[in-house]
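Visitor: Could you walk me through this protein? I'd like to take it in small steps.

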Amino acid sequence: MSLAIETLSVFPGLFEPYMSTSIMGRARDRGLVSFSAHDLRDWTHDRHRTVDDAPFGGGQGMLMKPGPVFEALDDLTCGGERPAHVVFFSPCGHPYDEAAAARLSRESRIILVCGRYEGMDERVYSLADEVVSLGDYVLTGGELAALVVADSVVRLIPGALGDDMSAADESFSDGLLEYAQYTRPSVYDGMRVPDVLLSGDHAAVAAWRRASAIERTALWRPDLLGQADLSAEERERVRALVEDSNGPRGE
Ligand code: SAM
């Protein structure tokens with residue numbers, strides 16, 4: 001069964017160009033995923049199609065009212081033939097990562113609810129199966145967050161990338177960053193590609209890539225190493241790398 005991804009927002013027109021381009025578009029054409037963008041204003045009842053109001057207690061800006069969000073999700077979740085997994089976005093949510101993308105890629109229907117303005121009336125979060133943050137910064141709206149989630153989920157659906165191995169080989173798939181990669185020319189401006197990659201020796205290439213992934217992770221994202229599956233020898237290599245990178249410089 002294909003995955004149904006739906007968005008609920010006040011800017012439904014923002015999604016289609018991205019979702020119909022490149023890998024997203026091809027996944028839709030192949031029937032692996034369907035995509036629909038709902039306009040939250042369709043669940044308003046006044047002439048101005050109002051979705052926001054001033055916060056109780058004062059303060060700057062406007063908040064998204066609970067009514068349209070409750071009515072929309074009531075219609076969308078009761079009417080569908082598949083149960084929906086409902087995701088809200090907020091800088092206060094739990095951090096989004098590859099494990100969350102993998103989990104969402106196994107759902108059959110996801111509704112991504114996008115905030116705007118100063119955020120949403122707190123009561124709407126009672127409708128959420130999860131509240132997701134993209135990181136410790138503030139976006140003007142949840143639409144970019146929804147596209148990030150949709151993109152990261154679709155590329156994990158078997159067949160979406162064309163080559164099923166490519167997602168399994170990438171950063172975070174095994175708890176490490178991806179190894180360094182090179183393409184032609186083999187020497188550029190005096191910088192040489194490591195000889196082993198030109199050797200045709202597949203075992204040596206695999207060993208070099210494993211070492212490169214560990215080295216990059218140790219230097220750029222040491223926080224990931226605690227969860228990574230490393231041998232005792234690899235842990236020792238990491239310890240040496242971290243020691244070297246913290247050691248005295250320029251002496
Ligand atoms: N006042 C809120 C706060 O300080 O936590 C920020 C609201 S933000 C301007 C408006 C909307 O953008 C949010 O409701 C959410 O949908 C989205 N958004 C902003 N930053 C985000 C982030 N880091 N991760 C996920 N969504 C975010």
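**Salt bridges, shape and core**

Guide: Let's start with Asp39, Asp42 and Arg49, which are linked in a network of salt bridges. A salt bridge here is a side-chain nitrogen of Lys or Arg within 4 Å of a carboxyl oxygen of Asp or Glu. Keep in mind that this is a predicted model, where local features need pLDDT of at least 70, side-chain atom pairs count only at pLDDT 80 or more, and totals for chains, interfaces and linings use all residues. Residues are numbered from 1 along each chain as its sequence is written, and side-chain values use heavy atoms, with hydrogens and water left out.

Visitor: How many salt bridges does the count come to?

Guide: One of them joins Glu243 and Arg239, with the closest N and O atoms 2.9 Å apart. By the rule above, the count comes to 14.

Visitor: Which helices hold Glu16 and Arg28?

Guide: The side chains of these two meet in a salt bridge, at 3.2 Å from N to O. Helices are DSSP runs (H or I, at least four residues; strands are E, at least two), numbered from the N terminus. The pair ties together parts that are 12 residues apart in sequence, because Glu16 lies in α1 and Arg28 in α2.

Visitor: Is Asp223 buried or exposed?

Guide: Buried means under 20% relative accessible area, exposed over 50%, and partly exposed in between (1.4 Å probe, protein chains only). Arg221, its salt-bridge partner, is partly exposed at 32%. Asp223 has a relative accessible area of 55%, so the word is exposed.

Visitor: Why is the chain called more spread out than a compact globule?

Guide: Picture a C-alpha trace spanning about 70 × 45 × 35 Å along its principal axes. The radius of gyration is taken over C-alpha atoms, and the globule rule is 2.2 Å times the number of residues to the power 0.38. For 251 residues that rule gives 18 Å, so the chain is more spread out, with a radius of gyration of 23 Å.

Visitor: Which element gives the largest share of the largest nonpolar core?

Guide: A nonpolar core is a set of buried Ala, Val, Leu, Ile, Met, Phe, Trp, Tyr and Cys residues joined through side-chain atoms within 4.5 Å. The largest one has 28 residues, and Ile5, Phe89, Tyr96, Leu112 and Val153 have the most contacts inside it. Elements giving two or more residues include β1, β5 and α4. The largest share is 7 residues, and it comes from α5.
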